[in-house]
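Thanks for coming, everyone. I'd like to walk you through a chain you haven't met yet, so please pull up the viewer and follow along.

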Amino acid sequence: MLPTFAIVGRPNVGKSTLFNVLTKTRNAIVANEPSLTRDRQVGRGHIGTHDYWVIDTGGLEGEPDAMNELITQHAWLAIQEAQGVLFLVDGRSGLTAVDENIAGQLRRFNIPIHLVINKAENLLPELVSAEFQLLGLENIHTISAAHRWGIDSLMESVLAPF
Ligand code: GDP
Ligand code: MG
């Protein structure tokens with residue numbers, strides 16, 4: 001059975017961009033408008049000979065309205081189907097209260113959680129990682145999904161147990 005990884009995080013951090021890079025498709029809608037990905041997208045990808053499934057989800061919100069609650073349910077369902085989570089945050093905007101909220105909720109899942117700091121193309125990895133270490137997550141990666149930077153090393157680490 002191929003491992004499945006769920007991409008979660010607040011809106012606009014680059015989840016759909018990463019999904020497209022990992023699956024080499026343009027299936028997920030990438031937009032400046034937050035929360036455009038209303039439903040789950042499932043795609044298949046590979047690094048070398050390692051194949052995997054990846055699920056793109058809508059953003060996890062702090063204060064859900066009716067539609068956002070649905071997105072949250074989709075995201076939690078995706079996590080329950082997954083063997084690992086790619087928890088995406090935005091390195092340019094820095095750590096937010098919503099990120100802390102999501103990190104707290106992810107702790108209840110007994111699967112590896114990878115903290116993926118995106119939009120890091122012009123940032124110093126050590127500096128940006130230091131700020132996000134406050135979330136208390138062990139696996140921290142810095143990437144730029146838009147510039148396809150850091151993706152191979154991220155996925156080698158994510159796939160290592162499988
Ligand atoms: P989602 O809401 O989390 O799915 O985010 P999207 O994938 O739709 O991306 C939101 C915005 O961030 C878009 O304008 C993307 O082009 C942009 N973006 C995604 N990845 C990167 C990145 O690595 N660097 C920069 N600078 N922008 C990015
Ligand atoms: Mg999206």
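Okay, let's start with how far to trust what's on the screen. This is a predicted model. In the chain, confidence hits its lowest point in H2, with a mean of 73, and its highest in S5, at 98. There's also a weak patch at residues 33–37, where the pLDDT is below 50. That stretch still has 14 contacts in the model beyond near neighbours in sequence. Taking the chain as a whole, the average pLDDT is 86, and 82% of the residues score at least 70. For the complex, the predictor gives an ipTM of 0.99 and a pTM of 0.90.

Now the layout. You're looking at 5 helices and 6 strands. If you trace along the sequence, the pattern goes β-α-β-β-α-β-α-β-α-β-α. The chain has 162 residues, and 38% of them are buried. Look at the contacts with a separation of 6 or more, and you'll find that 63% are between residues 24 or more positions apart.

So where do those strands go? Into an open sheet of 6 strands, in the order S2-S3-S1-S4-S5-S6, with mixed pairing. S2 and S6 (139–142) are the edge strands, each pairing on one side only. On average, neighbouring strands are turned by 25° against each other, direction ignored.

Let's go through some of the pairs. S1 (4–8) pairs with S3 in the parallel sense, over 4 bridges. Phe5 is a handy marker there, with Val54 as its bridge partner in S3. S1 also pairs with S4, again parallel and over 4 bridges, and here Ile7 has Leu86 of S4 as its bridge partner.

Which sense do S2 and S3 pair in, parallel or antiparallel? Antiparallel, over 7 bridges. You can find His46 standing opposite Asp51 in S3. These two strands form a hairpin with 2 residues between them, and Gly48 in that hairpin takes a positive phi near 60°.

On to the helices. H1 covers residues 15–23. How many of its residues are buried? The count is 9 of its 9. That list includes some polar names, among them Lys15, Ser16 and Thr17, alongside Leu18, Phe19 and Val21. The buried residues of H1 pack against S1, S2 (41–47), S3, S4, S5 and H5. Right after H1 comes Lys24, which has a positive phi near 55°.

Then there's H4, which lies across S4, S5 and S6 and runs at about 140° to S6.

Next, the inside. As a bit of background, nonpolar side chains in soluble globular proteins tend to be buried together. In this model, the largest nonpolar core has 33 residues. The ones with the most contacts inside it are Ala6, Ile7, Val85 and Phe87. Seven elements supply at least two residues each: S1, H1, S3 (50–56), H2 (66–81), S4 (84–90), S5 (113–118) and H5 (151–159). S4 gives the most, with 5 residues.

Let me zoom in on Phe87 for a second. What does it touch, once you leave aside its neighbours within four places in sequence? Its contacts are Val8, Gly9, Ile102, Leu106, Ile113, His114, Leu115 and Val116.

Last stop: two backbone oddities in loops. Asn12 is found in the loop between S1 and H1, and its phi is near 75°, a positive value in a residue other than glycine. Lys119 is found in the loop between S5 and H4 (125–132), and its phi is near 60°, also positive without being a glycine.

Are these two buried or partly exposed? Asn12 has 17 other C-beta atoms within 10 Å, so it counts as partly exposed. Lys119 has 23 C-beta neighbours inside 10 Å, so it counts as buried. The cut-off for buried is 20 or more.

If you want to go back over anything, I'd start with the sheet order, S2-S3-S1-S4-S5-S6, and then find Phe87 in the core. Okay, that's my tour, over to you.

Methods: Residues are numbered from 1 along each chain as its sequence is written. Chains are lettered from A and ligands numbered from 1 in the order in which they are written. This is a predicted model: local features need pLDDT of at least 70, side-chain atom pairs count only at pLDDT 80 or more; totals for chains, interfaces and linings use all residues. A nonpolar core is a set of buried Ala, Val, Leu, Ile, Met, Phe, Trp, Tyr and Cys residues joined through C-beta atoms within 7 Å. A residue is buried if 20 or more other C-beta atoms lie within 10 Å of its own, exposed if 12 or fewer, and partly exposed in between; C-beta atoms are placed from the backbone. Two residues are in contact if their C-beta atoms, placed from the backbone, lie within 7 Å. pLDDT is the predictor's confidence in each residue, from 0 to 100. Two strands pair if DSSP finds at least two bridges between them. Axes are lines fitted to C-alpha atoms, for helices over the stretch in contact, and angles run from 0 to 180 degrees between N-to-C directions.
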